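Thanks for coming, everyone. I would like to walk you through a few parts of one model, slowly, and please have the picture open while I talk.

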Amino acid sequence: MEGKNLFFLMSIILLLIFTFSNLPSPLSHTTDQLFDCTTYSPWCSSKKPFFLRQPENSKNHYADFPNHPLDPLTIGEIQKVKKIVNSIAEFRIKGCVLHSVVLEEPEKEVVLNWRKGHRLPPRKAAVVARALGVVHVLSVDIETGRVTRRETGSYSGYPIMTIEDMITATSAPFASSDFNRSIIQRGVDLADLACLPISTGWYGKIEEKRRVIKVQCYTLKDTINFYMRPIEGLTVLLDLDTQQVIEIIDEGKNIPIPNAANTDYRFSRIKKNTQKINLLKPISIEQPNGPSFTIENNHLVKWANWEFHLKPDPRAGVIISRAMVQDPDTGKMRNVMYKGFTSELFVPYMDPSDAWYFKTYMDAGEYGFGLQAMPLDPLNDCPRNAYYMDGVFVAADGTPYVRSNMICVFERYAGDIGWRHAECPITGLPIREVRPKVTLVVRMAASVANYDYIVDWEFQNDGLIRPKVGLSGILMVKGSPYVNMNQVNQNEYLYGTLLSENIIGVIHDHYVTFHLDMDIDGPSNNSFVKVNLQKEMTSFGESPRRSYLKAVRNVAKTEKDAQIKLKLYDPSEFHVINSNKKSRVGNPVGYKVVPGGTAASLLDHDDPPQKRAAFTNNQIWVTPYNESEQWAAGLFVYQSQGDDTLAVWSDRDRAIENKD
């Protein structure tokens, strides 16, 4: 075993190549579900009222109580927090907004020393509130009612948007006669509009000293897939607090709205129009004795040789904590990872035009990755025998609400081989040993407007942990005057690909950064090791071989030593070790960190979006433990200027050898 307890962040970048198709997925078992967007999603038509309710099929959470120091806040605790905050004079004013109410986790040492049956540490809530334009970060002791303020520094940026922010922003433009006139002039009925709230990023004076947002709209006429029918070039700049329209830019009057034909993605509609699809027969993986995992007290997952704490989070989506694996020799549980979660998602579009340059989303820090998580669909999103976990989140006024079936846990078997060996005939040994590969999966799906991210945390019984990201959903497209490439001037660059008549798929990236706080065999004496593979030449007459590869180990002394840019022709392995613990043959125990599909950001480091997303400048960063350094883009990301990012923290070049 190998391990570490340094904060370890790794960018997994999905470089996307899309095809545009009207064909359905060839499955005979699918569902069409249209959730009421007023309940489930901020991305909906602006004319519907916004409210939050507990879905009818969700569990009753009013009787929940915490059993573990890391258990999320219960409905009862949230109600107490609301009452405590409302008792403070400056938060009783109209317009006070709670942007975030989550558990303030106890100090790591307290959690590591806690044992089942012990009294829980004091339960506290971390509250981000905004009143009269001032942001407050509060620590609320739920039992005593005591409130303390925590210093947040003088960093730029605002807290994560609330669901209410997003909903009301899409309705505000309708109060502008100029906006309504522009829509009608485009030949669109106001009743057919669907609008999206788009974060602005940071580009200068227009974003100074006020929260602003941009709104762009589409038409729902003749299709549910409004993303394929953009009203191109029409952008509304809105004051997010006053809901006043600041500016309307309308530069796409010559661009037609794409046709609605064959854009509906619902299976029932597609099936009517496609007769030549050979559907697969239903597939079901049976577990006649039930699943092999158990979940104790709603959050403690036990499977095979693994044990970990699992909880939903409004910003990260899923948080895995206290992951431990059983030692096969001693039977004892050994610490592997103290905490792991999705720290940030950076999605820059590569079109500098007025209607697109600002589309450089931070899906976790601006919108809330967990807030956008949708209820999972049994048998489609997750297989039979899956366990479903709800999220309990907080509305802007402090009212708790339930996001049902937000996470599922299940065992995956896809016919893969976990391990095998067969002796060849020349040995004379009739041996064939095969182990089927069965893994445990924790899954969440977040629908951030058009895109659906599927995030899996997969555990193998050989001690491996594999975070995986899948991307589904629908492209965000740009309207175009062109219906065929033969109309495009040879010297004209489209900033993407003409995918269908009047539709361009704009080039863009999705950078997903994970925060991994490894903690193996103790929280101290952890180091990061870069193992370089180097070519060595043999001496004359030493061997018939002229060269071989040599592994050279380099222990990182400081943060900058551990800033890694992956290079194909500089092959390396990356180990995180506990130098104080040895294997039975004397090697330091540790884990190997294996990069998956990665890519580097090519944006200029002085480009405003890249300043804010400077954590994508490297694929691997290693920092010393600091509980305030968890979000790679900073605590407050909305309209931030990049002054509180992982790159800024790591520039201090702190010591990391043999550290927590």
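Let us start with helix α4, which spans residues 163–171 and has seven of its nine residues buried, so this helix is largely enclosed by the rest of the structure. Please keep in mind throughout that we are looking at a predicted model. The buried residues of α4 are Ile163, Glu164, Asp165, Met166, Ile167, Ala169 and Thr170. And what covers them? The cover includes the strands β2 (97–103), β6 (193–198), β7 (212–219), β8 (234–239) and β17 (400–412), together with the helix α7 (363–367).

Next, a sheet. As a reminder, strands of a sheet pair through backbone hydrogen bonds, either parallel or antiparallel. Here we have an open sheet of four strands, in the order β28-β27-β29-β30, and the pairing is antiparallel. Its edge strands, β28 (547–555) and β30 (588–593), each pair on one side only, and from one strand to the next the twist averages 30°. If you look at β27, residues 526–537, and β29, residues 572–582, you will find that they pair in the antiparallel sense over seven bridges; one position to look up is Phe528, whose bridge partner in β29 is Val576.

Now to the charged side chains, where the structure holds 33 salt bridges, and I have picked three.

In one of them, the side chains of Glu433 and Arg435 meet with N to O at 2.7 Å. Glu433 is partly exposed, at 38% relative accessibility, and Arg435 is also partly exposed, with a relative accessible area of 40%.

In another, Lys468 forms a salt bridge with Glu458, and their closest N and O atoms are 3.7 Å apart. Because Lys468 lies in strand β22 (residues 465–473) and Glu458 in strand β21 (residues 451–459), this pair ties together parts that are ten residues apart in sequence. Lys468 is partly exposed at 33%, whereas Glu458 is buried, with a relative accessible area of 3%.

The last of my three joins Glu629 and Arg652, with the closest N and O atoms 2.5 Å apart. Glu629 sits in the loop between β31 (620–623) and α9 (646–650), while Arg652 is in the segment after α9, so the parts tied together are 23 residues apart in sequence. Glu629 counts as buried at 4% relative accessibility, and Arg652, at 48%, counts as partly exposed.

Finally, salt bridges that share partners join Arg412, Arg443, Asp456, Glu458, Arg466 and Lys468 into one network.

Conventions: Residues numbered from 1 in each chain as written. Predicted model: local features only at pLDDT ≥ 70, side-chain atom pairs only at ≥ 80, totals over all residues. Heavy atoms only, no water. Pairing = 2+ DSSP bridges. Helix = DSSP H or I, 4+ residues; strand = E, 2+ residues; numbered from the N terminus. Axes fitted to C-alpha atoms, helices over the stretch in contact; angles between N-to-C directions. Buried < 20%, exposed > 50% of the residue type's maximum accessible area, 1.4 Å probe, protein only. Contact = heavy atoms within 4.5 Å. Salt bridge = Lys/Arg side-chain N within 4 Å of Asp/Glu carboxyl O.
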